[in-house]
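Biologist: I should like a close look at one part of this chain, namely the stretch where the opening helical region gives way to what follows. Please set that part in the context of the whole model.

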Amino acid sequence: MNQTTSQDATQATFDSLGASLDLMARLTRHIAAQRDGLRAGARADWGHAGSAAATMKALREITDQAFSEGEYAHVACLACGGSYAAASDATGDHAAHRAYEQARLAIEAR
Ligand SMILES: [Zn+2]
């Protein structure tokens, strides 16, 4: 990667992270206000419940990706000690490693 491309990527990352912080702050205020309203006695209907569940699901997706959890969890490759996403097929060298490991286990099971 040349210097300009690296600087462009760094700036783009910095900008996206800043925008993400702004969005999270806005969303945090919104969610807190909704909870405060319920605590104060406001009633929710099933539309509110569905929206809250959809928000939680979207945030879970984001945090799973950020922290390599859920479908983004990584598993250790038994052959080389590397790792790959548990929910996806092993790729590259790990695919061969996993095929070898599965064949070895099948032979051992005989
Ligand atoms: Zn491997």
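Modeller: The residue that follows helix H1 with a positive phi is glycine 41, at near 110°. This is a predicted model, and every value below is computed from it. The part in question is the loop between helix H1 (3–39) and H2, where alanine 44 is also placed.

Alanine 44 has 12 C-beta neighbours inside 10 Å and therefore counts as exposed, since the cut-off for that class is 12 or fewer. Beyond its neighbours within four places in sequence, alanine 44 is in contact with Leu38 and Ala49. Leu38 falls within the bounds of H1, which are 3–39, and Ala49 falls within those of H2, which are 46–66. The loop residue alanine 44 thus has a contact in each of the two flanking helices.

The helix before the loop may be taken next. H1 has 37 residues, which at 1.5 Å a residue should span 54 Å; its end C-alpha atoms are 53 Å apart, in agreement with that expectation. None of the residues of H1 is buried, so the helix lies largely in the open. Threonine 28 is one of the residues of helix H1. With 10 other C-beta atoms within 10 Å, threonine 28 is exposed. From the C-alpha atom of threonine 28 to that of arginine 110, which stands 82 residues away along the chain, the separation is 56 Å.

The helix after the loop gives a similar account. H2 has 21 residues and reaches 30 Å from its first C-alpha to its last, close to the 30 Å expected at 1.5 Å a residue. The number of buried residues in H2 is zero, so this helix too lies largely in the open. A pair that runs from the loop into H2 consists of alanine 44 and glutamine 65: these residues are 21 apart along the chain, and their C-alpha atoms are separated by 30 Å.

The far end of H2 may be set beside the end of H1. H2 is followed by serine 68, whose phi is positive, near 50°, just as H1 is followed by glycine 41 with its positive phi. Serine 68, however, is a residue other than glycine. Most residues other than glycine have a negative phi. Serine 68 is placed in the loop between helix H2 (46–66) and strand E1 (74–76). It has 13 C-beta neighbours inside 10 Å and so counts as partly exposed.

Beyond that loop comes the remainder of the chain. From the N terminus on, the elements run α-α-β-β-α, for a total of three helices and two strands. The last of the helices, H3 (residues 93–108), has 16 residues and reaches 23 Å from its first C-alpha to its last, close to the 22 Å expected at 1.5 Å a residue. One residue of H3 is buried, so H3 likewise lies largely in the open. Arginine 98 is found in helix H3 and, with 18 C-beta neighbours inside 10 Å, counts as partly exposed. The C-alpha atoms of arginine 98 and cysteine 80, 18 residues apart along the chain, are separated by 9.8 Å.

The chain as a whole provides the setting for the loop. It is divided into domain 1 (3–72) and domain 2 (74–108), with 34 Å between the C-alpha centres of the two domains. The loop that holds alanine 44 belongs to domain 1. Of the 110 residues of the chain, 2% count as buried. Among contacts with a separation of 6 or more, residues 24 or more positions apart account for 0%. The radius of gyration is 22 Å, whereas a compact globule of 110 residues would have one near 13 Å. Along its principal axes, the C-alpha trace spans about 65 × 50 × 20 Å.

Technical notes
Residues numbered from 1 in each chain as written. Predicted model: local features only at pLDDT ≥ 70, side-chain atom pairs only at ≥ 80, totals over all residues. Domains from an automatic or database assignment. Helix = DSSP H or I, 4+ residues; strand = E, 2+ residues; numbered from the N terminus. Expected span 1.5 Å × (residues − 1). Buried ≥ 20, exposed ≤ 12 C-beta atoms within 10 Å, placed from the backbone. Contact = placed C-beta atoms within 7 Å. Rg over C-alpha atoms; globule rule 2.2 N^0.38 Å.
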